[in-house]
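Visitor: Hi, could you walk me through this structure, one piece at a time?
Guide: Gladly; here it is, and we can begin with a pair of strands.

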Amino acid sequence: MAEAAILVALETLRNLLLDETKFLSGVGSQVKGLESQIKEMQCLLEDTDRSRHHGSKSVGYWILEIRDLVHQAEDVIEIYSVIQVSMKRGRGIRQFFQRFSCVSNRCCRLHKIGLEISEIRTDIGRVYKSMQEYGLRSIVQEENSGPASENQIWKRKTYSFETNDCFVGMEEDLKRLVSLTVDNNVSRIISVWGMGGLGKTTIVRRVYNHANVKHAFDSFAWVCITQQCRIRFVLEEVRKQLMPQKKEDAMHLTDTELVEQLFQVQKEKRCLIVLDDLWKIEHRDCLLDIFVDSQILMTTRKQNVADVGLSYKLGLLNMADGWQLLKCKAFPRGCVPPDFWPQIELFEEVGKKMVKICGYLPLVISLLGGILSKRQLLKEWELVNKNIDDYLFSAGSTDQDNKINAVVLDLSYEDLPSYLKPCFLYMGQFVEDQYVYGDNLYMLWIAEGLISVENQANGETLMDVAELYLSELASRCMVEIVAQDTVSSKRYASCHLHDVVRDLCLLKGKKEDFRLKVVNFQGGRLDVLSPSVLGIKTRYLAMHFRGKVEVEHDEFTTNHEETTKHIRSLKFICHSKQRKINFPKSVLEYFYNFKLLRVLVFEGCNFQGRKLPKEIGNLIHLRYLRLRNCEFTELPSSISNLIYLCTLDLFHSWDVRIPNVLHKLIRLKHLFLPDYRKTSNAIARKYKLSLEGLSKLETLIGFDSLFHDWKSVSRMKNLRRLRATVHDVKTLSEIIYDLKTYRDNLQESTLIIRDGCELTSLEQEVPILRKLLTCPNLHSLWIDVHTPNLKQEIKTELVFPRLVFLTLRNCKIEDDPMQMLEILPCLESLCLWPSSYVGKNMTCSGSGFCKLKTIQLWGLPNLTEWKVEKGAMPILSELEIRDCPKLGKIQDELRSITNLEKLEISELPGFGKWVSGRNRGVQHCFPCSFRHHPSND
């Protein structure tokens, strides 16, 4: 309940006490007393949550009052610190006299702050006394004798994530749908419909990837539509999947040209198109008018949308299948442990009661299984069953869809430890079906104060703690893990919220007054700073732009005090690939009013005059600044005032000059540098950026030897994530030396070797290439220079002992590269891109590539034969061959690869376009652990 807001405020106060003791002189003892009081309220409210006193009007009133008092406390302390920091920034004689004349003013402000804190403490004490007089704590203690404590629930680093989905109870539906899909005499449109959480997407995905279906069709496309359907985006995505050989970008086509191409490919090939999660009839009709010659599989929650072609209603599970699914989720590997056997009949009795209450809905049963997986005793199962009954009877809804989802999803949320609740609610800002990358999510959580230092063990960073938070959310089925990171020791690369869970997240945020506001703007004129957009008490604002947007600002409609004093996070994200959002100078200059802002994000934006205003330096509480995929020329030197800044992200913002003031950002831990073009002004002016003084840096992405000095990086002893581009042998030698000597703490490291770095050079009479090949602590490598004699350097010594991703381009290797690459012990992804190999034959021996999962062969014009011996690449799952015009038949060679799940062949004589297995797209195109950093997470 309210402790989500209280936890954030507590973390803020704790950080203020740690970082700003010198600024809080005179009121420090009062702040500490305030922190103690809020902690007491937090403990009582956590007990209140577990006791389920949600129906009490008194408790509800107290919670509202406490929440407002907590926010007031957070605001007053941060406002005071802003005043103090501003006063201490002065320099020189003029500033000295200004500060001297403000001593009396400071005393008045200090006295006012003290009075405000005193009033807040008095009000909190009054509420706390009322709750004690009500006798709430004794009642809570009686009702909480059964459940395990929070410490038992939170088992650090022992949680496991089940990657294999439990497909239970829909086997016959699957057979039927596969048969209908491949039968030419059945309707070409099949609509699978039913209430949310039935598993519509799951079963259609099984149909889509079924072997019989793959053999029956030539081309495949899968598009998730969602409620905010964008017809143009859907058409472009289908074209990209049906016609991957088309190199020109669809964005340059007119609507007519795009539709004509889709008509043509449907005439030439038998196509299967999945339209997942359709919501509106008008969207359906518009798409079906274009996909006139394809087999269509649709999923939808609405019967009227499914009322076309063959309508297939997906049913609920029966009791036996529901109990089987619950066991699969609740017990490790779906097997009942021996300790449960003496009471298995009792467990089954309680379990089946809960399955019935869940309405036999697969999603709800799965979420319930995540809760039960943390409970080892029969009485704990019985208590969960009792809580489900209470929730069900108090739901008061006649809508079965909303009713059952609310019951168990509410329970999943209420079962979360207090420190996970604000993290979960915070994820509601991401748009539907958006993939969120782990590192970005962790940095945002930290910047917002959602990660508690109290959960930080010795040797752990806050990023480690944040990863544990995500791990537990995933283990409780609140978050779905999309990809696991094989490069580093981290378990998760990306995640997202199921649409039903996201709905819960937004509803819960409103109910608990989390003060998160999400604005989805489809196009037109918008005053982004108007009270109607910002809201009165909004603390987290995320604005997602689609289509053509004209940003404007009417200064007469904005009340500075009411619209800026609460906001902690502002995000302006453009999702259009065709255009950027233009921000006028008047809007940017207004941002200095958001003095308590912690997070500021611009993605896909143009700034008027291609400059950021110097007023951004007034946002001294800023912890996270992201200017990704934006167009501007330089950062103002005033960013040196951002003394709390922890993350500075300029990824994919090209040719941006950064002033040499980064050393003043004493808390900076994560730095994403911009990219530079070869013809940029930065190169012409011999621009150099100093990285000195960044001793706390944990992440450095975008180091470039043309603009940065490696000696500064070598002194960063806390570095855990590194991506570097090298253009000269000297820097490469220094990096190799560092990686060999004292970089064992690196979790992820990527090295990109480009023009200017001659790998044939000698370093102390030893070829630099040989040093590179034996370099430890290197996880990803991209070689983009002429390296014809690579084979001669790989002999019997251990090479690339930890390399996971390797991409070769323009190397012009003359001898068979497979003989030298197949001995790499950890290699999982291999990309041979244009001009990497200029020979004719390749052979993979029976014992080679023992861990390889993905391979790409692109642009090898001389390759005529590729032999794959039996036993080679035993776990290969994805293979893509493109633009190899002389390569002969390979079917016989591929028969020995038994685990192949995805095969894409294009621009190969006799094949045309051939796709087999799941059509997800190649995931390892860029050999970098940070390759998955889109502009919308």
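Visitor: Which residue in β3 stands opposite Val223?
Guide: In this predicted model, the residue in β3 that stands opposite Val223 is Leu275. The two strands involved, β2 and β3 (residues 271-278), pair in the parallel sense, and six bridges connect them.

Visitor: Does a helix come into this too, I mean, what does helix α13 touch on the sheet?
Guide: Helix α13, which covers residues 281-288, packs on the sheet and touches β1 (189-193), β3 and β4 (295-300). The direction of α13 makes about 170° with that of β3.

Visitor: And what is the order of the strands in that open sheet?
Guide: The open sheet has five strands in the order β2-β3-β4-β1-β5, with parallel pairing. The edge strands are β2 (219-224) and β5, since each of them pairs on one side only. On average, neighbouring strands of this sheet are turned by 15° against each other, if direction is ignored.

Visitor: Changing topic: where is Asp307?
Guide: Asp307 sits in the loop between α14 (303-306) and β5 (310-313). Asp307 counts as exposed because its relative accessibility is 62%, and exposed residues are those over 50%. From C-alpha to C-alpha, Asp307 is 9.5 Å from Trp193, although the two are 114 residues apart in sequence.

Visitor: What about strand β29, how many of its residues are buried?
Guide: Strand β29, residues 854-858, is mostly covered, with five of its five residues buried. Thr854, Gln856 and Trp858 point one way from the strand, while Ile855 and Leu857 point the other way, and all are buried.

Visitor: Which strands does β29 pair with?
Guide: Strand β27 (residues 829-832) pairs with β29 in the parallel sense over four bridges, and strand β31 (residues 878-882) pairs with β29, also in the parallel sense, over five bridges. Looking at single residues, Leu857 in β29 is the bridge partner of Leu832, and Ile855 stands opposite Leu879 in β31.

Visitor: How many salt bridges are there?
Guide: A search of the whole structure finds 23 salt bridges. One of them joins the side chains of Glu348 and Lys352, at 2.8 Å from N to O. Both residues lie in helix α16 (residues 344-357), four residues apart, which is about one turn of the helix.

Visitor: What does the salt bridge of Asp784 and Arg754 tie together?
Guide: The side chains of Asp784 and Arg754 meet at 3.0 Å, N to O. Asp784 lies in the loop between β25 (780-783) and α31 (790-793), and Arg754 in the loop between β22 (748-753) and β23 (762-763), so the pair ties together parts that are 30 residues apart in sequence. Asp784 is buried, with a relative accessible area of 7%, whereas Arg754 is partly exposed at 25%.

Visitor: Which residues are linked in a network of salt bridges?
Guide: Such a network links Glu603, Arg626, Arg628 and Asp649.

Visitor: Last one: how many disulfides does the search find?
Guide: The search of the whole structure finds zero disulfides. As for individual cysteines, Cys271 is buried, with a relative accessible area of 1%, and Cys775 is buried with a relative accessible area of 1%.

How values were computed. Residues are numbered from 1 along each chain as its sequence is written. This is a predicted model: local features need pLDDT of at least 70, side-chain atom pairs count only at pLDDT 80 or more; totals for chains, interfaces and linings use all residues. Side-chain values use heavy atoms; hydrogens and water are left out. A disulfide is a pair of cysteine sulfur atoms within 2.5 Å. Buried means under 20% relative accessible area, exposed over 50%, partly exposed in between (1.4 Å probe, protein chains only). Two strands pair if DSSP finds at least two bridges between them. Axes are lines fitted to C-alpha atoms, for helices over the stretch in contact, and angles run from 0 to 180 degrees between N-to-C directions. Contact means heavy atoms within 4.5 Å. A salt bridge is a side-chain nitrogen of Lys or Arg within 4 Å of a carboxyl oxygen of Asp or Glu.
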